[in-house]
Number of protein chains: 4
Amino acid sequence: MAPLNEDQLENIRNERKIQIMRAALKVFAANGFKLTKISLIAKEAGISHGLVYHYFKSKEEVLHESLEWAMELNETKKYLNELSEMAISPLEKIHNFTKFALSSSKYESSDIFRIIQHLEHTEDVPSHILEFTKNVGMMYVEFFIPIFIEGQEAGEIIQENPEELVGLFLTIISGVMADDPDYWHENMDHKISIFLRMITTR
Amino acid sequence: MAPLNEDQLENIRNERKIQIMRAALKVFAANGFKLTKISLIAKEAGISHGLVYHYFKSKEEVLHESLEWAMELNETKKYLNELSEMAISPLEKIHNFTKFALSSSKYESSDIFRIIQHLEHTEDVPSHILEFTKNVGMMYVEFFIPIFIEGQEAGEIIQENPEELVGLFLTIISGVMADDPDYWHENMDHKISIFLRMITTR
Amino acid sequence: MAPLNEDQLENIRNERKIQIMRAALKVFAANGFKLTKISLIAKEAGISHGLVYHYFKSKEEVLHESLEWAMELNETKKYLNELSEMAISPLEKIHNFTKFALSSSKYESSDIFRIIQHLEHTEDVPSHILEFTKNVGMMYVEFFIPIFIEGQEAGEIIQENPEELVGLFLTIISGVMADDPDYWHENMDHKISIFLRMITTR
Amino acid sequence: MAPLNEDQLENIRNERKIQIMRAALKVFAANGFKLTKISLIAKEAGISHGLVYHYFKSKEEVLHESLEWAMELNETKKYLNELSEMAISPLEKIHNFTKFALSSSKYESSDIFRIIQHLEHTEDVPSHILEFTKNVGMMYVEFFIPIFIEGQEAGEIIQENPEELVGLFLTIISGVMADDPDYWHENMDHKISIFLRMITTR
DNA sequence: CATGAATGAGCCTTCATTCAT
DNA sequence: TATGAATGAAGGCTCATTCAT
């Protein structure tokens, strides 16, 4: 019989890669890079460990490609774009984002967050991955600074150095996300409101 | 030379254990349980890795005993006691504590925090250690609830469910501690002030 | 289009096998058995690695059949036949052969040589392959003994036990072939002449 | 009880390293670098595979250090020195050397030869090892050129470019050593005499 | 008590081989 | 017949743990 045609193969390849990357993001997020066993990713993806190496040439590359895929595809980016165009106040945007960030695992987004957390506390991260993490961090900072400024102009946000404020905000968010995402699920809006009091005028 | 008497031997033994545990706390805090190599603890303690096994029967026991020792000895407990008797307002106490928590490694205290963070995100933690972590968490909660209530009575702290407030406060603190302790060093008081706005009245 | 008839199919099948075997000989010669990857043979043959297993049931069989094919087909045998009928002196025949042996890869012949070299230094070679190598060796010995005797009778070759002489000659040739075929390309005739002084009368 | 004193430890370490390197030379010589399993070296040395990594940080380093040790210690070097001072004719020196080279495994020397043979036919040899092999080859060339010239002046050796002659001689020797050292054991002197006819005058 | 030599389980990675299409 | 996806055995290397000295 004739072999599969190219489209079919391409499809399978992509399916599999995505399947693996999805699993990888989950497992990396839970365990960090070093403690993540390829065998676990494979199990999570429902395949043999050998197959992982059919699609990626090393554990490191699984990580890298998974991160890139997740960012590209990225729900977060899309979300940020949508968010910036919503007709709501800056503070509401911030609230909305916080909620998004803390409602883990709905999308891969929070996995990325957690993975980057891990990486930032890890030695010997390969430079191309390190760079990746920096870029992601930068993206958030750059996204929020104008919003914070706007919020300050609108009188919603306290008059402190906006960069410092954004830094503080994101530091705490990311610390908290890496920590216990479950904690937030209950009563989320209320908790977030309290949390955001730290930057609001009243 | 006369042989050492039993007390002296006991002392040496204890010195050594403490030496090891101190090192262990530091290294566990930095790397988590699994990624911590016995050899690193030994190096940090300035002894050979074999010796660790004279004092502890496994890596797990090193962790467990180190945690217990740290809590017993505990700077944190002492510190909390002192804190509760200081003649300062509840809010100032909270500020003071936050500062203490974030000024890492001055005491073993923050190591404990970070270790517990790690453990809480780890699977297969042996039950006796898990229990330990719960107790520590509880201790903080119980310590802070009265202070928060006092603060509410004094009008310094917002009128929300004190347990919820304490929970939120500690969750964030611990998330942030596990994240990037260095971030806070600069301009610490100012950052903490902003952070605490989330619970203060205006 | 009409389907291919059986002969044609058979032909295609044979073409493919030959294509693979030719590639296999080359790659085996370059790397030895164990270090030769099926994927490399496939790439060299311009086919997928899976296809190799349609024609051969294992790597070992690829080796075996390739060797047999090469011997059957055999350029070497043909060459030896031609050689024996050339109207040149025994010594010239030997010179000619040496040249043939050292001018690698023109024919598959030198590949066989090199492969057999490899095999002789390898443990756990399956007996049917081992036997094969012995036969090949034997063939050469039997071919050259009469020529050496003739050379002795003609006074061109020194009066030593011809079997010993042939053994020495072939041992060195094969050692040298396995070693560095490139070395000989430059100035080949001259080098060979010197080399052959070892058996010539003057 | 007190731990071993430094000398004792140093001794054990050295013993073991030598034990491993000796085994390594043997196994590398037999199989080449890639096909040599650390576990085989360990077995040959009568130790566990893990221990190898106590003394060397990688397979590559086992090879490198083993080669360096063998050259340093080196029987060959010593032998060459002695040889150059013997009161025998240049040709006799060459004969003597050939004999030495082919009486394998008496010393590690022939292992080195064989290993270097392997390496020269291998891709991706790390540069520091490659350099090593070059140096060794150079050593022989430089040692023999004056002897060949002397032999030519004494009328024992044919008047050909000495470098070419030495090159040919060493190429064949090394090819042959790598090939079948056993072949030569029987009747060695006689075989060597014939072989050397290739460079001798009549 | 103290050292570090020694062991072996376990993880990453490669590659022969099988199999669905 | 042809492809390449999929599997799993095996080998390099690390590290917790044991043990002789």
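A polar contact is a pair of N or O atoms within 3.5 Å. In this predicted model, C:His54 meets that cut-off at DNA strand F: an N or O atom of its side chain lies 3.1 Å from a base nitrogen. Two further contacts go to phosphate oxygens of the strand. A polar side-chain atom of A:Arg16 is 2.3 Å from one such oxygen. For C:Ser48, a polar backbone atom is placed at 3.3 Å from a phosphate oxygen. Several helices give two or more residues each to the surface near DNA strand F. These are helix 1 (6–35) and helix 3 (49–55) in both chain A and chain C, and helix 3 (49–55) in both chain B and chain D.

In total, 38 residues surround DNA strand F. The closest are A:Arg13, A:Arg16, B:Tyr53, C:Tyr55 and D:Tyr53. Of the strand atoms that come within 4 Å of the protein, 64% belong to sugar and phosphate. The surrounding surface comprises 16 nonpolar, 14 polar and eight charged residues.

The interface of chain C and chain D was examined next. Here 31 residues of chain C contact 32 residues of chain D. The buried area is about 2,700 Å², and carbon and sulfur atoms give 60% of it. Zero salt bridges are found across this interface. Polar contacts join 11 residue pairs, both residues at pLDDT 80 or more. On the chain C side, helix 1, helix 9 (162–179), helix 10 (181–185) and helix 11 (188–196) each supply at least two residues. Helix 9 gives the most, with 11 residues. By class, this side of chain C has 13 nonpolar, 10 polar and eight charged residues.

Methods: Residues are numbered from 1 along each chain as its sequence is written. Chains are lettered from A and ligands numbered from 1 in the order in which they are written. This is a predicted model: local features need pLDDT of at least 70, side-chain atom pairs count only at pLDDT 80 or more; totals for chains, interfaces and linings use all residues. Side-chain values use heavy atoms; hydrogens and water are left out. A residue is near a molecule or strand if one of its heavy atoms lies within 4 Å of it. A polar contact is a pair of N or O atoms within 3.5 Å; within protein, one must be able to donate a hydrogen and the other to accept it, and residues adjacent in sequence count only if both atoms are side-chain atoms. Helices (H or I, at least four residues) and strands (E, at least two) are DSSP runs, numbered from the N terminus. Ala, Val, Leu, Ile, Met, Phe, Trp, Tyr, Cys and Pro count as nonpolar, Asp, Glu, Lys and Arg as charged, and the others, Gly among them, as polar. Contact means heavy atoms within 4.5 Å. Buried area is the accessible area (1.4 Å probe) that two parts lose on being put together, summed over both. A salt bridge is a side-chain nitrogen of Lys or Arg within 4 Å of a carboxyl oxygen of Asp or Glu.
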